[in-house]
Amino acid sequence: MDYGIDHELVLLSVQTKKIVLTKRFSEKEKQMLKQAEEKLNDQLSKGNFTVYKNYLSANSRFNLNGFLPAVNKNKQQQLIDSIPQGFEFSSEGNDFSSSNDLAFTYGSLKKGKTISNYMHLWRREKKGWKIAAEILRFD
């Protein structure tokens with residue numbers, strides 16, 4: 001598994017064919033992820049947690065402090081229903097794996113003087129960027 005650590009370009013040999021792995025996502029792919037993150041955060045900041053259905057991968061994991069990780073849709077919905085209202089979700093940064101299939105974004109959760117954080121682990125799937133792991137921490 002690639003954890004987003006920079007690697008040199010890798011040349012693989014499969015029988016007589018050579019496959020060259022590209023090192024980074026295209027700017028278009030990066031922009032698509034940033035737009036997905038912005039749309040998601042905008043809706044979450046408005047308290048529209050039903051938006052998760054558009055972004056969670058079929059095999060996603062949902063983590064909320066104080067709860068065990070949710071690995072199925074029913075448990076995930078229980079955690080989504082437990083998210084406190086009134087927090088502003090704000091992206092702070094991102095990075096992309098050299099394997100061209102994963103990326104992560106992270107940011108802050110603000111409500112008055114309370115500041116918490118989140119991290120989204122995104123996976124590039126056929127239908128676009130989907131959240132493979134959602135990690136929310138509310139203090």
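I began at the hairpin of β6 and β7, where I found 2 residues between the strands. The model is a predicted one, and I read every entry below with that in mind.

**Entry: β6 and β7**

I looked up how the two strands pair and found an antiparallel arrangement with 9 bridges. I took one bridge as a reference point: R124 has W129 of β7 as its partner.

**Entry: β5 and β6**

I moved to the other neighbour of β6. β5 and β6 are antiparallel and joined by 10 bridges. Their hairpin has 2 residues between the strands. I checked the backbone there and noted a positive phi near 60° for G112. For a position within the strands I noted Y106, which stands opposite M119 in β6.

**Entry: β4 and β5**

I then followed β5 to its pairing with β4, which is antiparallel with 8 bridges. The hairpin of β4 and β5 has 5 residues between the strands. In that turn I noted N100, with a positive phi of about 65°. Opposite Y106 in β5 I found G93. Y106 thus came up twice in my notes, facing G93 in one pairing and M119 of β6 in the other.

**Entry: the whole sheet**

In what order do the strands of the open sheet lie? I read the order as β3-β7-β6-β5-β4, which is 5 strands with mixed pairing. β3 and β4 are the edge strands, each pairing on one side only. I also looked up the twist: neighbouring strands are turned by 20° against each other on average, with direction ignored.

Next I asked which strands α1 lies across. I found α1 across β4, β5, β6 and β7, and it runs at about 135° to β6.

**Entry: the chain as a whole**

I counted elements before going to side chains. The protein chain has 3 helices and 7 strands. Read from the N terminus, the elements run β-β-α-α-β-α-β-β-β-β. Of the 139 residues in the chain, 37% are buried. For contacts with a separation of 6 or more, I noted that 48% are between residues 24 or more positions apart.

**Entry: the nonpolar core**

I looked up the largest nonpolar core and found 26 residues in it. The members that touch the most other members are L40, Y52, F62, F89, W122, L136 and F138. I then listed the elements that supply at least two residues each: α1 (27-45), α2 (52-55), β3 (56-64), α3 (73-81), β4 (88-96), β5 (102-111), β6 (114-125) and β7 (128-137). Which of these gives the most to the core? I noted α1, with 4 residues.

**Entry: Y52 and F62**

I picked Y52 from the core for a separate look. Y52 is buried, at 1% relative accessible area. Leaving aside residues up to four places away in sequence, Y52 touches L40, L44, F62, I80, I83, E134 and L136. One of these, E134, I marked as the charged residue on the list.

I then went through the aromatic pairs, of which the structure holds 6. Y52 and F62 form one that is edge-to-face, with 5.2 Å centre to centre and 80° between the planes. Y52 belongs to helix α2 and F62 to strand β3, so this pair ties together parts 10 residues apart in sequence. I checked F62 as well and found it buried, with a relative accessible area of 0%.

**Entry: S60**

Is S60 buried or exposed? I noted 0% relative accessibility for S60, so I put it down as buried. S60 lies in strand β3, one of the edge strands. I looked for a partner for its side chain and found the backbone oxygen of S57, reached at 3.1 Å. I also listed what S60 touches, not counting residues up to four places away in sequence: A70, V71, Q76, I131 and A132.

Notes
Residues numbered from 1 in each chain as written. Predicted model: local features only at pLDDT ≥ 70, side-chain atom pairs only at ≥ 80, totals over all residues. Heavy atoms only, no water. Core = buried A, V, L, I, M, F, W, Y, C linked by side-chain atoms within 4.5 Å. Buried < 20%, exposed > 50% of the residue type's maximum accessible area, 1.4 Å probe, protein only. Contact = heavy atoms within 4.5 Å. Pairing = 2+ DSSP bridges. Polar contact = N/O pair within 3.5 Å; in protein donor to acceptor, adjacent residues only side chain to side chain. Axes fitted to C-alpha atoms, helices over the stretch in contact; angles between N-to-C directions. Phe/Tyr/Trp six-rings, centres within 6.5 Å; stacked < 30°, edge-to-face > 60°.
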